[in-house]
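This report walks through one protein structure, part by part. Keep the 3D view open while reading and locate each element as it is named.

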Amino acid sequence: MDNNKVLSLKGVRTYFELKRWGFIHAGYVRAVDGVSFDLARGEAVTIVGESGSGKTTLLRTMLGLAKITDGEMLFAGRKLDYNNSADLTWLRWQVGFVQQDPYGATPPFMNVHRILLEPLIVNKVPKDEREQRIREALQEVRLIPADDFLSKFPHMLSGGQQQRLVVARALLLRPMLIVADEPVSMLDASVRVEVLELMRKIQKDYNLGIIYVTHDLSSVRYFSQRAFVMYAAKLVEKTDVSGVVNNPLHPYTQMLLNAIPDPEPENVGRFKDIPAGEPPSLIKPPAGCRFHPRCPRKIDGLCDTEEPPEFEPNPGHFVECWLYK
Amino acid sequence: MRRQKQAVVERGRSPERTEGPVLKVEDLTLYFRATVGVVQAVEKVSFELARGRSLTIVGESGCGKTSLAKAILRLLPRNVHTYEGRVFLNGVDVMKFGEERFRREVRWTKMSMVSQAAMNALNPVLKVGHQVAEPLLLDHRMGRKDAYEEARRVFGIVGIPIAFMERYAFELSGGMRQRAIIAMSLITNPDVIVLDEPTSALDVLTQANIMNTLKKIKQELGLSFMLITHDIATSSELADEVLCMYAGQLVEHSDGQRFYREPLHPYSQKLMASVPTLRIDRKPEFIPGQPPSLLNPPKGCRFAARCHKRFERCDEEPPLFEHGEDTVKCWLYEEG
């Protein structure tokens with residue numbers, strides 16, 4: 001087993017069963033449907049997708065908060081048993097989680113010191129080490145001087161500071177992987193970049209793996225090396241960031257890029273070429289390629305019947321689209 | 001009786017399409033009373049909006065953007081401390097109107113609003129078509145049949161299939177719900193529509209579609225828009241003019257063509273620099289520090305503490321200086 005791999009997913013599927021009147025099986029919500037990728041140590045990866053594309057469920061699956069229906073997930077070469085609490089404790093030690101809404105993710109009745117102490121107690125870090133670690137973590141996220149912040153409660157911190165506190169908590173146990181679920185979507189534009197830069201710096205300093213989930217493509221290029229585009233529970237395009245931004249291959253990625261405005265005055269008179277429609281239902285996804293009902297370049301008789309496998313038109317650039325057969 | 005009803009509708013439908021700005025705000029001030037003191041949410045904001053133009057208001061959260069919109073529409077909570085200034089709509093000072101007259105003649109007849117998180121603003125137990133027609137049904141402004149006919153018309157404008165009129169809110173996707181809310185704001189043929197973060201809860205693609213619709217409405221109906229957003233990139237989509245707010249005050253009012261290229265106020269410059277861009281290769285910066293508390297704002301320029309161009313004059317509060325056709329609240333432009 002390659003020890004350099006922090007995380008390796010092979011055909012992971014997470015389905016949620018739907019029930020009618022509580023016991024009659026009524027189909028599945030296919031929230032994650034056949035996702036495969038490897039993450040090396042010290043690599044930052046972004047998963048981009050619209051809401052409802054399954055990106056949060058994918059994260060929850062990695063964290064062991066949602067059960068895998070099918071497929072294989074290896075953490076540092078270890079296959080974990082999600083019913084075994086020792087395995088789960090190990091997993092949660094190794095994976096830090098940065099939530100979307102920092103205010104919702106920090107208990108309002110605990111002060112900063114207590115919030116940071118909690119994971120150390122749960123994971124039985126020796127008592128004499130705890131204070132030191134808390135201070136280091138606060139230093140790391142530049143909540144300094146640490147003494148000023150220790151006694152504060154979350155509501156006394158600004159949005160950016162709260163999010164940095166959440167990052168500090170994720171770092172506390174020195175994990176090998178951090179997963180961040182839209183860590184800056186609740187923050188103001190002027191502090192977003194600060195938090196992203198901070199996470200980037202920490203990632204480099206500690207050689208961490210980071211999985212950053214977002215719907216905001218424009219922040220991607222400042223953050224990660226590789227980007228995955230998710231549409232309707234599948235990763236439709238996997239490549240490095242410049243590939244996504246400069247040479248998107250999948251029609252969905254092209255559309256997504258087209259939709260994002262840059263702050264330019266010309267936008268006022270310009271209409272965007274966006275086909276109408278909504279992402280498909282994950283209970284009954286369309287046959288064939290899931291994007292074909294909205295796709296401007298669909299091939300009749302192929303895209304609407306057969307699901308495209310993964311093609312590699314350029315080295316390291318994977319895309320699930322029949323156009324690149 | 002019937003004739004009387006019609007008269008109300010006619011009056012609501014802006015008979016006086018006068019020349020000059022459709023909306024003019026002078027020294028609008030809104031303070032809230034809180035347990036800890038007085039929150040100076042909006043302080044002496046003045047601007048004009050011409051017919052058929054769109055104005056975007058940008059700024060960080062907590063800078064008073066939404067309060068400004070609510071002050072213009074007089075949608076105020078109970079804890080208002082000070083509410084003064086003048087708001088002219090088609091040249092008429094509507095601040096002098098009593099609450100009932102304001103409700104009948106201004107709010108949702110000449111000025112309507114698409115509120116923040118409009119996704120959840122629909123009533124779950126009413127059919128969408130009825131909700132959209134409701135502003136016309138209130139006060140017996142119009143008969144049911146006519147009102148529904150109008151609703152069908154605005155559904156066409158915003159691009160919702162007519163069949164959706166019979167549906168409930170939960171049967172609509174987020175984008176469709178947002179369109180329904182826009183339809184609701186259009187139904188009384190207002191002169192001004194205030195859009196408060198209309199797309200912030202939507203996906204990128206849906207967002208682009210809604211923006212296309214808004215641009216189409218603006219071109220075809222000649223409405224004036226006021227778009228409030230903290231998303232600078234999106235704001236550029238509807239920006240004939242830009243109003244930048246900081247800590248309750250207007251700091252810059254510029255032409256959109258110029259604002260996105262070379263903003264004047266140091267805060268606007270920093271704000272623009274903090275926006276990550278997709279196509280232009282530029283490293284975004286962040287603004288150090290945080291905005292001042294509106295409970296007890298600093299004496300001089302409110303941005304001085306975070307400003308990279310600060311000098312002695314900044315201890316005094318700058319007035320609004322003219323700079324070409326734009327106005328900016330910064331001592332750097334004293335010479336004009």
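## A parallel pair to begin with

The structure is a predicted model. A good starting point is strand β7 (residues 177-181) of chain A, which runs parallel to strand β8 (residues 209-214) of chain A and is joined to it by five bridges. Within this pair, Val179(A) has Ile211(A) in β8(A) as its bridge partner.

Helix α1 (residues 55-62) of chain A packs on the sheet that holds these strands, where it touches β3 (44-49), β7, β8 and β9 (226-231) of chain A. The direction of α1(A) makes about 150° with that of β7(A).

## The eight-stranded sheet

Which order do the strands of the open sheet of eight follow? The order is β6-β7-β8-β3-β9-β10-β12-β11 (chain A), and the pairing is mixed. The edges are taken by β6 (95-98) and β11 (311-314) of chain A; each has a single partner strand, so one side of each is left without a neighbour in the sheet. On average, neighbouring strands of this sheet are turned by 20° against each other, direction ignored.

Strands of a sheet pair through backbone hydrogen bonds, in either the parallel or the antiparallel sense. Both senses can be followed along this sheet. β3(A) pairs with β8(A) in the parallel sense over five bridges, and Ala44(A) has Ile210(A) in β8(A) as its bridge partner. β3(A) also pairs with β9(A) in the parallel sense, again over five bridges; here the bridge partner of Gly49(A) is Met230(A) in β9(A). The antiparallel sense appears between β9(A) and strand β10 (residues 234-240) of chain A, which pair over six bridges.

## The hairpin of β9 and β10

β9(A) and β10(A) form a hairpin with two residues between the strands. Ala232(A) takes a positive phi near 45° in this hairpin. Tyr231(A) has Lys234(A) in β10(A) as its bridge partner.

## Two covered strands

In a regular strand the side chains alternate between the two faces of the sheet. Two strands of chain A can be read with this in mind. In β8(A), six of the six residues are buried. Gly209(A), Ile211(A) and Val213(A) lie on one side, while Ile210(A), Tyr212(A) and Thr214(A) lie on the other, and both faces are covered.

How many of the six residues of β9(A) are buried? The count is six. One side carries Arg226(A), Phe228(A) and Met230(A), and the other carries Ala227(A), Val229(A) and Tyr231(A); both faces of β9(A) are covered.

## The four-stranded sheet

Chain A also has an open sheet of four strands in the order β2-β1-β4-β5, with antiparallel pairing. Its edge strands, β2 (24-40) and β5 (78-79) of chain A, each pair on one side only. Strand β1 (residues 5-20) of chain A runs antiparallel to β2(A), and 12 bridges join the two. Thr14(A) stands opposite Val32(A) in β2(A).

Helix α1(A) appears here too: α1(A) lies across β1 and β2 of chain A and runs at about 70° to β2(A).

## The chain as a whole

The secondary structure of chain A comes to 10 helices and 12 strands. The C-alpha trace spans about 65 × 55 × 45 Å along its principal axes. A compact globule of 325 residues would have a radius of gyration near 20 Å, and chain A, with 21 Å, agrees with this. Buried residues make up 42% of the chain. Of the contacts between residues at least 6 apart in sequence, 64% join residues at least 24 apart.

The domain assignment divides chain A into domain 1 (5-224) and domain 2 (235-261 + 284-325). The C-alpha centres of these two domains lie 28 Å apart. Eight residues from domain 1 of chain A and eight residues from domain 2 of chain A take part in the contact. The domain 1 side has four nonpolar, two polar and two charged residues.

## Contact with chain B

Chain A places 32 residues in contact with 38 residues of chain B. On the chain A side, α8 (189-206) and α10 (251-259) each supply at least two residues. The largest share, five residues, comes from α8(A). By class, the chain A side has 18 nonpolar, seven polar and seven charged residues.

Conventions:
Residues numbered from 1 in each chain as written. Chains lettered and ligands numbered in written order. Predicted model: local features only at pLDDT ≥ 70, side-chain atom pairs only at ≥ 80, totals over all residues. Pairing = 2+ DSSP bridges. Axes fitted to C-alpha atoms, helices over the stretch in contact; angles between N-to-C directions. Contact = placed C-beta atoms within 7 Å. Rg over C-alpha atoms; globule rule 2.2 N^0.38 Å. Buried ≥ 20, exposed ≤ 12 C-beta atoms within 10 Å, placed from the backbone. Domains from an automatic or database assignment. Nonpolar A, V, L, I, M, F, W, Y, C, P; charged D, E, K, R; others polar.
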